[in-house]
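Here is my note on the model you sent round. Please read it with the coordinates open.

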Amino acid sequence: MHKKLTKSLISIALASSFSAHAAGITEAMLEANPTNSVLSSGMGQEGQRYSALKQINAKNVGQLAPAWSFSFGGEKQRGQESQPLIYNGKMFVTASYSRIFALDVKTGAKLWKYEHRLPNGMMPCCDVVNRGAALFDNLVIFTTLDAQIIALDQDTGKVVWKEKIDDYAAGYSTTAAPLIAKGLLLTGVAGGEFGVVGRVEARNPRTGQLVWTRPTVEGHMGYRYDKDGKAIENGISGTVNKSWPGDLWKNGGATTWMGGTYDPSTGLAYFGTGNPSPWNSHLRPGDNLFSSSTVAFDVETGQIKWSYQNTPNDGWDFDGVNEFITFNMDGKRVGAKADKNGFFYINDAKTGKLENAFPFVKKITWATSIDLKTGRPNYVLDNRPGDPTKGEDGKKGSTVFTAPSFLGGKNQMPMAYNPMTKLFYVPANEWGMDIWNEPVSYKKGAAFLGAGFTIKPVNDDYIGVMRAVNPKTGKIVWEVKNAAPLWGGAMTTAGDLVFYGTPEGFLKAVDAKTGKELWKFQLGTGVVAPPVTWQEGTTQYVAIVAGWGGAVPLWGGEVGKKVSYLEQGGSVWVFKLPAK
């Protein structure tokens with residue numbers, strides 16, 4: 001209680017000290033997480049997406065009305081998955097095709113725009129999305145689809161520094177919001193479908209200079225960098241060939257494409273890692289560390305302090321990239337993760353020890369449960385796609401129906417945690433897939449799957465479902481079904497509210513305790529982004545980015561056809577209560 005009170009007092013003091021001439025953003029400000037700003041992705045470094053504001057609440061949210069809307073413009077629409085950041089009277093919001101805008105938070109007027117020039121021949125897996133930026137000092141920092149990272153002056157939009165993360169021609173890309181932790185800038189990489197090697201790297205946010213890099217495929221060398229930028233070997237991740245056969249670890253995937261969270265109380269940064277490459281698991285017997293896992297990093301050194309593998313020897317592209325959100329439960333600091341594989345996990349935030357695991361979707365075919373003693377799945381052996389070398393023609397293995405589909409029980413859309421209700425709010429999907437394995441070999445820049453698939457719905461009346469989950473008991477407290485898949489994130493507040501968007505174009509507010517719908521507004525295009533809230537002066541605002549797209553219309557199979565009527569767009573909407 002004393003710690004909570006102290007943190008609240010610090011937040012209030014910092015909030016009152018901010019002015020129109022505020023100094024640069026510091027690590028102390030990021031940790032305090034004041035309510036008159038949104039300083040980081042996740043609405044706080046821990047990623048809880050919770051706000052203590054309650055001017056807008058369950059009793060008056062029905063009066064919520066638009067304050068302004070801003071269009072990203074042009075012909076560049078596609079998926080808009082960005083979470084806005086708010087500071088010093090400005091909104092910083094990224095858009096598809098590696099664009100970023102600075103807007104006046106009171107009027108929506110454009111202050112400046114930066115549009116990164118993308119090369120031809122890029123191969124992003126899952127649309128041309130960008131999920132947001134990071135703020136530090138006087139900079140706004142974001143990554144680009146061609147695997148670069150750019151720092152801009154918050155006031156002018158001028159480039160302060162720009163660095164290359166990796167080679168887009170080899171399949172690397174970046175879409176996640178960077179993370180600031182202990183004064184360092186942490187980023188991951190995407191591109192697991194092209195046989196790249198996942199990693200987390202830390203930079204000096206003021207200069208872009210590398211501090212350390214840590215691969216997330218076992219067998220690769222980590223590095224730290226001296227003041228002159230010279231790379232110094234810093235130990236291999238794991239042990240060569242311990243969990244990977246032959247040479248496949250050299251193109252092993254395990255990308256960190258969702259970005260990370262940070263907990264100041266543990267001093268650790270947490271990143272989820274993606275699928276091992278290729279998808280054909282018969283080529284790579286073993287657990288394939290550190291793929292499809294939660295990995296905890298020492299922020300200062302880049303060493304892996306612990307890892308927990310959600311899907312060993314992943315054969316379904318379940319990844320493990322979903323956000324790891326830390327919170328207090330029974331006097332212990334733990335973290336929660338709603339994995340693409342359909343199970344909800346609770347791990348000790350300091351050690352990684354599995355505390356609990358239970359389903360958060362209703363249909364799971366690949367495993368019956370998670371063994372709480374060993375931490376490993378109890379596999380359904382017949383539900384792994386067949387070995388193509390044992391097929392009739394050697395070109396295709398036996399097909400299995402698997403649920404969830406590889407698009408996941410939950411994908412990129414972040415969940416939220418409310419410390420008042422002690423519930424997680426999870427945007428989930430109920431769907432499955434026919435999946436089969438095929439022969440494959442690595443070629444730089446080419447797809448490295450070794451599998452085929454077709455996504456299928458499992459219910460007639462709904463695919464998406466917003467669920468309130470009790471992390472202690474595993475009970476689903478309430479749920480709200482949605483016809484189309486949910487692909488935008490959640491936010492919750494002390495006003496007993498949960499906000500989320502739908503592909504049908506609605507921003508909704510429901511009662512955090514019961515799930516009862518209290519308000520909705522049609523935005524004109526589908527929502528695949530998470531909302532935010534903050535207080536400007538005496539007024540609380542809610543904002544969300546709208547624009548249908550992302551992986552569902554690209555990879556969705558039968559589901560994609562069902563939602564083909566949905567229209568693209570690109571805008572940000574801001575709401576407030578009417579003046580008294």
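The numbered points below go from the whole chain to single residues.

1. **Status of the model.** This is a predicted model. Please keep that in mind for every point that follows.

2. **Overall make-up.** The chain holds four helices and 40 strands. Its radius of gyration is 22 Å, close to the 25 Å that the globule rule gives for 580 residues, so the chain is as compact as a globular protein of that length. The C-alpha trace spans about 75 × 60 × 50 Å along its principal axes.

3. **Burial and surface.** How much of the chain is buried? Of its 580 residues, 62% count as buried. The accessible surface comes to about 21100 Å². Carbon and sulfur atoms account for 51% of that surface.

4. **Contacts along the sequence.** Take the contacts between residues at least 6 apart in sequence. Of these, 59% join residues at least 24 apart.

5. **A six-stranded sheet.** Six strands make an open sheet, in the order S11-S12-S13-S14-S15-S16, with antiparallel pairing. Which strands stand at the edges? They are S11 (179–181) and S16 (231–236). Each has a single partner strand, so one side of each is left without a neighbour in the sheet. From one strand to the next, the twist averages 20°. As background, strands of a sheet pair through backbone hydrogen bonds, either parallel or antiparallel.

6. **One pair inside that sheet.** S13 covers residues 199–203, and S14 covers residues 210–215. Five bridges pair them in the antiparallel sense. To find the register on screen, start from Glu201, which stands opposite Thr213 in S14.

7. **The S38–S39 hairpin.** S38 (residues 532–536) and S39 (residues 539–546) run antiparallel and are joined by five bridges. Trp534 stands opposite Tyr541 in S39. The two strands form a hairpin with two residues between them. Gly537 sits in the turn, with a positive phi of about 65°. Is S38 buried or exposed? Four of its five residues are buried, so S38 is largely enclosed by the rest of the structure.

8. **The disulfide.** A search of the whole structure finds one disulfide. Which cysteines form it? They are Cys125 and Cys126, with their sulfur atoms 2.0 Å apart. Cys125 has 23% relative accessibility and counts as partly exposed. Cys126, at 26%, also counts as partly exposed. The cut-off matters here: buried means under 20%, so neither cysteine qualifies as buried. For reference, a disulfide is a covalent bond between the sulfur atoms of two cysteines.

9. **Thr255, a buried loop residue.** Thr255 lies in the loop between S16 and S17 (260–263). Its relative accessibility is 1%, so it counts as buried. What is Thr255 in contact with, leaving aside its neighbours within four places in sequence? Its contacts include Val189, Ala190, Gly191 and Gly192. Val196 and Gly198 are also among them. So are Gly272, Thr273, Gly274 and Val321.

10. **The loop between S18 and S19.** This loop deserves a look. It runs between S18 (268–272) and S19 (293–298), and Pro278 is found in it. The peptide bond from Ser277 to Pro278 is cis, with omega near -5°. Phe290 has its place in the loop between S18 and S19 too. A cis peptide bond joins Leu289 and Phe290, with omega about 0°. Asn288 also lies in this loop. Its phi is near 60°, a positive value in a residue other than glycine. At 0% relative accessibility, Asn288 counts as buried. For context, most residues other than glycine have a negative phi, and most peptide bonds are trans.

11. **Arg49.** Where is Arg49 placed? It is in the loop between helix H2 (27–32) and strand S1 (50–51). Arg49 is not a glycine, yet it has a positive phi of about 55°. Is Arg49 buried or exposed? At 6% relative accessibility, it counts as buried.

12. **Where to look on screen.** I would open three places side by side. One is the Cys125–Cys126 disulfide. Another is the loop between S18 and S19, with the cis bond from Ser277 to Pro278. The last is the S38–S39 hairpin, with Gly537 in the turn.

Notes: Residues numbered from 1 in each chain as written. Predicted model: local features only at pLDDT ≥ 70, side-chain atom pairs only at ≥ 80, totals over all residues. Heavy atoms only, no water. Pairing = 2+ DSSP bridges. Axes fitted to C-alpha atoms, helices over the stretch in contact; angles between N-to-C directions. Rg over C-alpha atoms; globule rule 2.2 N^0.38 Å. Buried < 20%, exposed > 50% of the residue type's maximum accessible area, 1.4 Å probe, protein only. Contact = heavy atoms within 4.5 Å. Areas by Shrake-Rupley, 256 points an atom, 1.4 Å probe, with all protein chains shown as cover. Disulfide = S-S within 2.5 Å.
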